[in-house]
Amino acid sequence: MLPRSGDILSVTRSASVQFAEPLYFRVIRVHDWPTYDGWVWLDGYELNAGGDAVERRSIFVQVDGLRQINSSPEARVGAPRRPGLVTSAVAVRSR
């Protein structure tokens with residue numbers, strides 16, 4: 001299964017020999033560029049141990065070698081958002 005935007009992956013040597021030191025990676029985009037069968041280009045952020053983005057990267061990896069840590073949230077179902085509308089109530093204080 002291809003990763004999706006928002007997924008956090010563990011990228012190790014099984015994904016590519018360049019990752020002798022494992023890293024955590026948050027996916028921004030999966031490119032549809034032609035590559036070898038089973039390989040993919042990913043754009044995203046390398047994460048530190050606290051889960052903070054430390055460097056933006058593009059990586060070329062084998063999909064079968066990726067391990068998913070968490071998946072991206074499912075698309076929200078409901079009314080589409082309209083720019084400029086405030087949907088929350090504003091509390092008014094009385095004196």
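**Entry 1: confidence**

I started with residues 75-79, where pLDDT stays under 50. I looked for contacts beyond four places in sequence there, and the model has zero. This is a predicted model, so I read pLDDT as the predictor's confidence in each residue. I then checked residues 85-95. Their pLDDT also stays under 50. Again I found zero contacts beyond four places in sequence. For the chain, the average pLDDT is 83. I noted that 74% of the residues score at least 70.

**Entry 2: chain totals**

I counted the secondary structure next. The chain has five strands and zero helices. Read from the N terminus, the elements run β-β-β-β-β. The chain has 95 residues, and 25% of them count as buried. I took the exposed area as well: about 7600 Å². Carbon and sulfur atoms supply 51% of that area. I also looked at contacts with a separation of 6 or more. Residues 24 or more positions apart account for 41% of these.

**Entry 3: the sheet**

In what order do the strands lie in the sheet? I read β4-β3-β2-β1-β5. The sheet is open, has five strands and pairs antiparallel. I looked at its edges and found β4 and β5 (67-70) there. Each has a single partner strand, so one side of each lacks a neighbour in the sheet. From one strand to the next, the twist averages 40°.

I went through the pairings. β1 and β5 run antiparallel and are joined by three bridges. β1 also pairs with β2, antiparallel, over four bridges. Between β2 and β3, also antiparallel, I logged six bridges. In that last pair, Phe 25 has Glu 46 of β3 as its bridge partner.

**Entry 4: Ser 10**

I picked Ser 10, which is in strand β1. Is Ser 10 buried or exposed? Its relative accessible area is 8%. The cut-off for buried is under 20%, so Ser 10 counts as buried. I then checked its partners across the sheet. On the β2 side, Ser 10 stands opposite Tyr 24. On the β5 side, the bridge partner of Ser 10 is Arg 67. I listed its contacts too, leaving out residues up to four places away in sequence. Ser 10 touches Leu 23, Tyr 24, Leu 66, Arg 67 and Ile 69. Both bridge partners, Tyr 24 and Arg 67, are in that list.

**Entry 5: Ser 16**

I took a loop serine next. Ser 16 is in the loop between β1 and β2. Its relative accessibility is 9%, so Ser 16 counts as buried. Which residues does Ser 16 contact, leaving aside neighbours within four places in sequence? I found Trp 39 and Phe 60.

**Entry 6: the core**

I finished with the largest nonpolar core. It has 13 residues. Those with the most contacts inside it are Val 11, Phe 25, Leu 42, Ile 59, Val 61 and Leu 66. Four elements give two or more residues to this core: β1 (8-11), β2 (23-30), β3 (39-47) and β4 (53-62). The largest share, three residues, comes from β2.

I then followed Ile 59, again leaving aside neighbours within four places in sequence. Ile 59 is in contact with Val 11, Phe 19, Phe 25, Val 40, Trp 41 and Leu 42. For context, I added a general note: nonpolar side chains tend to be buried together in soluble globular proteins.

Conventions. Residues are numbered from 1 along each chain as its sequence is written. This is a predicted model: local features need pLDDT of at least 70, side-chain atom pairs count only at pLDDT 80 or more; totals for chains, interfaces and linings use all residues. Side-chain values use heavy atoms; hydrogens and water are left out. A nonpolar core is a set of buried Ala, Val, Leu, Ile, Met, Phe, Trp, Tyr and Cys residues joined through side-chain atoms within 4.5 Å. Buried means under 20% relative accessible area, exposed over 50%, partly exposed in between (1.4 Å probe, protein chains only). Contact means heavy atoms within 4.5 Å. pLDDT is the predictor's confidence in each residue, from 0 to 100. Accessible areas come from the Shrake-Rupley method with a 1.4 Å probe; for residues, only the protein chains shown count as cover. Two strands pair if DSSP finds at least two bridges between them. Axes are lines fitted to C-alpha atoms, for helices over the stretch in contact, and angles run from 0 to 180 degrees between N-to-C directions.
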